[in-house]
Amino acid sequence: MSALLWSRPLPAALQAHTSSSERAVLALLLASVLYQSLLCMVNTLLFAINPTLVALVEALIYGGVLLLVYRRLPLGLALLALLALVNLLSLTVLRGLLDAKSVRDILIILLFFWLGLRHGSAALVDKVLLLVVGVALLLGLFEWLALEWYIRVFHTFSYFVNQSGIGRDGGAIFSGQALTLNGFRPDGIGRTILPWLFGPHRISSIFLEPVSLGNFSVIVLIWALCREGERRVGLLLAAGAAMLIALSDSRFGLAMSAMLIALRLLLPLRATALLALAPWAMMAAVYIYSNCFF
């Protein structure tokens, strides 16, 4: 059996020739996904991480992305950036202060969207997701099967305390706490997915807390359902997403997976593009409802 598996060719996504620009994009995308877990390992094994160092690492990643895209700014993206700037200025005037985090969050979205427009391809997305899902599964299995060893390398609670400063005075620190507070389901609630196998533990893997792992799994499943091309890659990604949802005990991921699979079976693939309008329709509905009844 093992000989048969090894004799099968790799998916085309992993066989395709990678140019120097694609290698740079791949490295930056992997860095943007893995830098938190690497900093957590440094915080646990070497020295305490502070917010300034985290900001510096993020700046290096975003600077690297900017170097790859700065020569050409698409008109549509420029209009989006202008719209975001007008929105932020309006909020600043209304609130009387500038929310630096909201500026950073919007800039990150626009920057990586720009990177996708400039260098993105379906094959590159396959490569990135196959690699990230593979690493996430390996680290997730390590966290599940050898938790005591895992926290000797990734003491996530202390990392987030050092990174944010919250709980540094001892007010939010629990005796022996090593994982984030949502790393375990409380008594009386319990796990939803395979409690007999995982117990109350919710695996976080490379994202250091389970909610982010569940959200990432939904993104992987969306790509697996919508991609066109070699079916084996889609099946690998869908199976990886299902395993990550189970590891993280993501109720959101479980509900979204059922809805996404139903939509994929009921709607033609091209019709699913209309779902991009759903968030805007929901915001409009909430706005109209609030003005009519409150």
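Let's start with the largest pocket: H6 gives the largest share of its lining, with eight residues. This is a predicted model, and its chain has 14 helices and zero strands. Below is a quick tour, from the pocket to a helix pair and then to a handful of single residues.

**The largest pocket**

- The space in the largest pocket comes to about 1400 Å³.
- Its lining is made of 35 residues, and the closest to the pocket centre are Leu29, Ser32, Val33, Phe112 and Ile219.
- Which elements give two or more residues to this lining? They are helix H3 (20-45), helix H4 (51-69), helix H6 (100-119), helix H7 (122-145) and helix H11 (210-226).
- Sorted by class, the lining of the largest pocket has 25 nonpolar residues, along with seven polar and three charged ones.

**The chain as a whole**

- Read from the N terminus, the elements go α-α-α-α-α-α-α-α-α-α-α-α-α-α.
- Out of the 294 residues in the chain, 33% are buried.
- Take the contacts in the chain with a separation of 6 or more: 74% of them are between residues 24 or more positions apart.

**Where H7 meets H12**

- H7 also pairs up with helix H12 (residues 231-248): their axes come within 10 Å and cross at roughly 35°.
- Is the crossing left-handed or right-handed? H7 passes H12 in a left-handed crossing.
- On the H7 side, the contact is made by Asp126, Leu129, Leu130, Val133, Ala136, Leu137 and Gly140.
- On the H12 side, the residues are Val233, Leu236, Leu237, Gly240, Met243, Leu244 and Leu247.
- By class, this H7 and H12 contact has eleven nonpolar residues, two polar and one charged.

**Val65, in H4**

- Val65 sits in helix H4, and it counts as buried because its relative accessibility is 0%.
- Leaving out residues up to four places away in sequence, Val65 touches Leu28, Leu111, Phe112 and Leu115.
- Phe112 is a partner worth following: it lies 47 residues from Val65 in sequence, yet the two are 7.5 Å apart in space, C-alpha to C-alpha. Phe112 also turned up above, among the residues closest to the centre of the largest pocket.

**Ala224, in H11**

- Ala224 is part of helix H11. Its relative accessibility is 12%, so it counts as buried.
- Beyond its neighbours within four places in sequence, Ala224 is in contact with Gly234, Leu237 and Ala238.
- How far apart in space are Ala224 and Leu237? The distance is 5.8 Å, C-alpha to C-alpha, with their positions 13 residues apart in sequence.
- Leu237 has a second role here, as one of the H12 residues in the contact with H7.

**Gln163, in H9**

- Gln163 belongs to helix H9 (residues 156-164).
- Is Gln163 buried or exposed? Gln163 is buried, because its relative accessible area is 16% and buried means under 20%.
- Not counting residues up to four places away in sequence, Gln163 touches Gln36, Ile49, Pro51 and Val54.

**The loop between H9 and H10**

- Gly190 is found in the loop between H9 and H10. At 24% relative accessibility, it counts as partly exposed.
- Once residues up to four places away in sequence are set aside, Gly190 touches Arg185 and Arg251.
- Gly190 and His201 are eleven residues apart along the chain, and 9.2 Å separates their C-alpha atoms.
- Leu194 is in this loop too, which leads on to helix H10 (195-198).
- Leu194 is not a glycine, but it has a positive phi of about 50°.
- With a relative accessible area of 32%, Leu194 is partly exposed.

**The loop between H10 and H11**

- Ser205 is placed in the loop between H10 and H11.
- What is the phi of Ser205? It is positive, about 55°, although Ser205 is not a glycine.
- Ser205 has a relative accessible area of 0%, so it is buried.

Conventions:
Residues numbered from 1 in each chain as written. Predicted model: local features only at pLDDT ≥ 70, side-chain atom pairs only at ≥ 80, totals over all residues. Heavy atoms only, no water. 1 Å grid on protein atoms, 1.4 Å probe; cavity = no way out; pocket = protein on both sides within 12 Å on 5 of 7 lines; lining within 4 Å. Points joined across faces, edges and corners; volume = space filled by probe spheres on them. Helix = DSSP H or I, 4+ residues; strand = E, 2+ residues; numbered from the N terminus. Nonpolar A, V, L, I, M, F, W, Y, C, P; charged D, E, K, R; others polar. Axes fitted to C-alpha atoms, helices over the stretch in contact; angles between N-to-C directions. Left-handed = near helix turned anticlockwise from the far one by under 90°. Contact = heavy atoms within 4.5 Å. Buried < 20%, exposed > 50% of the residue type's maximum accessible area, 1.4 Å probe, protein only.
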